[in-house]
Amino acid sequence: MKQLVLDLGAEPVHTLESFEVGRNAEVAALMRQFAARTSREHFAYLWGEIGAGKSHLLKALASTERARYISPFSIESEFVYVPDIDLYLLDDCEKLSPVAQIDAFALFNEIRANDAFMVCSGAVPPAVLPVREDLRTRMGWGLIYQLHGLTDDEKVAALSQAAASRGLTLSPGVLPYLLSHFQRDMRSLSSMLDSLDQYSLETQRPITLPLLREWLQAEAKD
């Protein structure tokens, strides 16, 4: 029997449509306005726990035309304003190095001067970000939203819908077991579902609770 390895490193495709809204309907609507460049506010800051969907939204916006995604570890030139880019997405702001903070400060000023748009994200609100004071002030220029993670029921519903869209049949108990025995963020759970589907095809067995337990035990031994 071929052993399949769970790959959580694969980069999924991020779209606004695939974002699980949950209690974040207002944020999702705002992000659509930023995607269309129709928002009255030109700056927004999103914060929340790991797995709430901050990076998902920023990377989804980065797939629109004239947009640029910037991580805390991007090269210096990525922080430079250019006229043909009018939407900048700065992720994980709490991880910005002292040098990157200087670059981000300059980028904020250029974006405002040129009437462009920017969405930032962080683990905490701007007021308590571990960055220089003048940069914290700029991150609070526009709208600030906390992203709320999905409830367990919402996660089960989202994963059930994802499975159904791919023609997968899950036995009762599979998804609740995943939630109680595995990483609980949606990216990890979705990756687990993909890999479990592969394992089911490899073994030619349906996705049942015994199959899931068997695989998790095998993975734990590796």
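Modeller: A residue is buried under 20% relative accessible area, exposed over 50%, and partly exposed in between. The model discussed here is predicted.

Biologist: Is Glu-214 buried, exposed or partly exposed?

Modeller: The relative accessible area of Glu-214 is 30%. That value falls between the cut-offs of 20% and 50%. So Glu-214 is partly exposed.

Biologist: With which residue does Arg-205 form a salt bridge?

Modeller: Arg-205 is partly exposed, at 29% relative accessibility. The closest N and O atoms of its salt bridge are 3.0 Å apart. The partner of Arg-205 is Glu-214.

Biologist: Which residues does UniProt list for "domain: Hda lid"?

Modeller: The name comes from an unreviewed UniProt entry. In the model, the listed stretch is 74% helix and 0% strand. Its end C-alpha atoms are 20 Å apart. UniProt gives the range as residues 152–216.

Biologist: In what order do the five strands form the open sheet?

Modeller: Start with the edges, where a strand pairs on one side only. The edge strands are β2 (67–70) and β5 (143–146). The pairing in the sheet is parallel. From one edge to the other, the order is β2-β3-β4-β1-β5.

Biologist: By how much are neighbouring strands of this sheet turned against each other on average?

Modeller: Strands of a sheet pair through backbone hydrogen bonds, either parallel or antiparallel. In this sheet the pairing is parallel. With direction ignored, the average turn between neighbouring strands is 15°.

Biologist: How many bridges join strand β1 to β5?

Modeller: Strand β1 covers residues 43–47 and runs parallel to β5. Trp-47 stands opposite Gln-146 in β5. The number of bridges joining β1 to β5 is four.

Biologist: At about what angle does helix α2 run to β4?

Modeller: Helix α2 spans residues 54–62. This helix lies across β1, β2, β3 (87–90) and β4. Its angle to β4 is about 155°.

Biologist: Which strands does helix α3 touch as it packs on the sheet?

Modeller: Helix α3 covers residues 98–113. Its direction makes about 145° with that of β4. The strands touched by helix α3 are β1, β2, β3 and β4.

Biologist: Is Ser-121 buried or exposed?

Modeller: Ser-121 is found in strand β4, residues 117–122. Leaving aside neighbours within four places in sequence, its contacts include Tyr-45, Leu-58 and Cys-93. Its relative accessible area is 0%, under the 20% cut-off, so Ser-121 is buried.

Biologist: With the side chain of which residue does the side chain of Ser-121 make a polar contact?

Modeller: One polar atom of the Ser-121 side chain lies 3.1 Å from the backbone nitrogen of Asp-92. The side-chain to side-chain contact has a distance of 2.3 Å. That partner is Asp-91.

Biologist: Why does the salt bridge of Asp-86 and Arg-66 tie together parts that are apart in sequence, and how many residues apart are they?

Modeller: Side chains of opposite charge can pair when their charged atoms come close. In the salt bridge of Asp-86 with Arg-66, the closest N and O atoms are 3.0 Å apart. Asp-86 lies in the loop between β2 and β3, and Arg-66 in the loop between α2 and β2, so the tied parts are separated in sequence by 20 residues.

Biologist: Which residues are linked with Asp-86 in a network of salt bridges?

Modeller: Asp-86 counts as buried at 18% relative accessibility. Arg-66 is partly exposed, at 42%. The residues linked with Asp-86 are Arg-37, Glu-65 and Arg-66.

Biologist: In which helix do Glu-133 and Arg-136 both lie?

Modeller: Glu-133 forms a salt bridge with Arg-136, with the closest N and O atoms 2.3 Å apart. The two are three residues apart, about one turn of the helix. Both lie in helix α4.

Biologist: What is the phi of Arg-37?

Modeller: Arg-37 sits in the loop between α1 and β1. At 15% relative accessibility, Arg-37 counts as buried. Arg-37 is not a glycine, yet its phi is positive, at about 60°.

Biologist: Is Asp-115 buried or exposed?

Modeller: Asp-115 lies in the loop between α3 and β4. Asp-115 has a positive phi of about 60° although it is not a glycine. Its relative accessible area is 54%, over the 50% cut-off, so Asp-115 is exposed.

Note on methods
Residues numbered from 1 in each chain as written. Predicted model: local features only at pLDDT ≥ 70, side-chain atom pairs only at ≥ 80, totals over all residues. Heavy atoms only, no water. Buried < 20%, exposed > 50% of the residue type's maximum accessible area, 1.4 Å probe, protein only. Polar contact = N/O pair within 3.5 Å; in protein donor to acceptor, adjacent residues only side chain to side chain. Contact = heavy atoms within 4.5 Å. Pairing = 2+ DSSP bridges. Axes fitted to C-alpha atoms, helices over the stretch in contact; angles between N-to-C directions. UniProt positions renumbered as here; feature names shortened; annotations may be inferred. Salt bridge = Lys/Arg side-chain N within 4 Å of Asp/Glu carboxyl O.
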